[in-house]
Amino acid sequence: MIPSFTYQHLPSNAGDGDWQQALPDSWDTPVGDDQRLVGPANPWIPTRVALISPALRHYLQCGEECLQRANGPVATIASPRVIILSRAHADVLADWLDRHATAPSASADIHILSSSEDDETIARRLRRLCGNTNEDWRHGVFMEVSGLGVLIRGSAGIGKSEVALELLSRGHRLIADDAPCFTAHGEEVTGSCPDRLFGLLEVRGIGIVDIRELFGSNALKTRKYLRLIVDLYSSDAGRTIGAEERLFGDRGNERVAGQTIPVWRLPVAPGRNLAVLLETIVRQRNLERQRGGQPASPQITRLFADGEMPPRPDESPEPWS
């Protein structure tokens with residue numbers, strides 16, 4: 001059982017003032033270089049404010065042990081500890097506390113909050129509250145693919161690690177798995193891996209594998225500019241593909257560490273070679289950068305010689321989270 005805690009549910013209309021009031025004193029005190037102030041719950045990374053999403057709760061069968069280890073190695077993280085259940089209603093938190101915690105205490109070191117907001121919305125709010133908007137994190141696998149920094153995202157079990165292994169076997173390099181950290185330097189965003197997880201990849205059914213031992217040191221890279229995000233989603237998810245997406249691909253933009261990063265969405269279905277598709281997206285992205293952002297080649301443009309060329313996707317960026 002969690003021995004001592006405070007808890008509070010923040011409603012959907014809670015503002016920055018409500019969050020400041022709910023968070024304990026000194027929650028935003030700077031942490032060490034090998035620690036994170038805010039990030040997803042990870043038993044190997046000391047994280048003062050640990051976020052637990054519904055997917056993580058389901059994947060980990062999150063119970064007492066998960067909550068006990070949400071902030072990583074507890075001995076290395078200074079108080080206070082904060083655990084936030086994201087996309088959770090008040091009854092979800094109450095149910096958790098009934099099963100995993102003893103009675104609340106006003107002098108506790110563990111502070112449990114819940115909110116209907118998702119992980120990334122909460123993280124952005126917390127970074128804003130502590131005045132640090134240049135750093136960001138995303139859940140996924142960050143890789144160098146054909147010289148381009150690509151963050152591969154998707155829900156738990158969609159196949160991110162399998163794609164990463166296939167890309168590694170094809171000569172591409174791993175930068176970070178699980179929770180890469182992104183930092184803005186001017187107009188560039190650099191992604192890197194927490195020291196504790198560098199060179200490691202978690203593969204469902206196999207466990208945590210040491211990429212350096214399996215593929216050699218050349219399969220790893222310490223940091224890279226983030227140029228592209230690829231979101232994997234199930235083709236059974238019911239997402240409608242419109243005419244524009246069929247012409248230019250299903251894409252949009254997203255803000256990471258205050259900078260705009262292009263996003264491509266790739267449906268996952270049995271028989272699709274995701275590594276080849278992802279390599280093709282990277283090649284297309286590189287070609288477009290060489291053409292100054294023009295997504296269509298001259299030959300494709302000629303298809304519309306007698307009509308009106310559809311607008312380029314980057315003329316109407318679509319945020320997507």
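Colleague: Is arginine 227 buried, partly exposed or exposed?
Modeller: Arginine 227 counts as partly exposed, at 24% relative accessibility. Buried means under 20% relative accessible area, exposed over 50%, and partly exposed in between, using a 1.4 Å probe and protein chains only.

Colleague: What kind of model is this, and how are residues numbered?
Modeller: It's a predicted model, where local features need pLDDT of at least 70, side-chain atom pairs count only at pLDDT 80 or more, and totals for chains, interfaces and linings use all residues. Residues are numbered from 1 along each chain as its sequence is written, and side-chain values use heavy atoms, with hydrogens and water left out.

Colleague: Back to arginine 227, which residue does it form a salt bridge with?
Modeller: Glutamate 188, with the closest N and O atoms 2.8 Å apart. A salt bridge here is a side-chain nitrogen of Lys or Arg within 4 Å of a carboxyl oxygen of Asp or Glu.

Colleague: Where do the two sit?
Modeller: Arginine 227 is in the loop between β14 (223-225) and β15, and glutamate 188 is in strand β11 (residues 188-192), so the pair links distant parts of the chain, 39 residues apart. Helices (H or I, at least four residues) and strands (E, at least two) are DSSP runs, numbered from the N terminus.

Colleague: And glutamate 188, buried or exposed or partly exposed?
Modeller: Partly exposed, with a relative accessible area of 26%.

Colleague: Which residues are joined into one network by salt bridges that share partners?
Modeller: Glu120, Arg127, Asp136, Arg138, Arg153, Asp231 and Glu254.

Colleague: How many salt bridges are there in the whole structure?
Modeller: A search turns up 17.

Colleague: What does arginine 153 meet in a salt bridge?
Modeller: Aspartate 231 is one partner, at 2.8 Å from N to O. Arginine 153 lies in strand β8 and aspartate 231 in strand β15 (residues 228-234), so that pair ties together parts 78 residues apart in sequence. Glutamate 120 also forms a salt bridge with arginine 153, with the closest N and O atoms 3.7 Å apart.

Colleague: Buried or exposed, those three?
Modeller: Arginine 153 is buried, at 7%, aspartate 231 is buried, also at 7%, and glutamate 120 counts as buried at 19%.

Colleague: New topic: which strand holds glutamate 135?
Modeller: Strand β6 (residues 135-137). Glutamate 135 counts as partly exposed, at 37% relative accessibility.

Colleague: What is glutamate 135 in contact with?
Modeller: Arg127, Phe182 and Thr183, leaving aside neighbours within four places in sequence; contact means heavy atoms within 4.5 Å.
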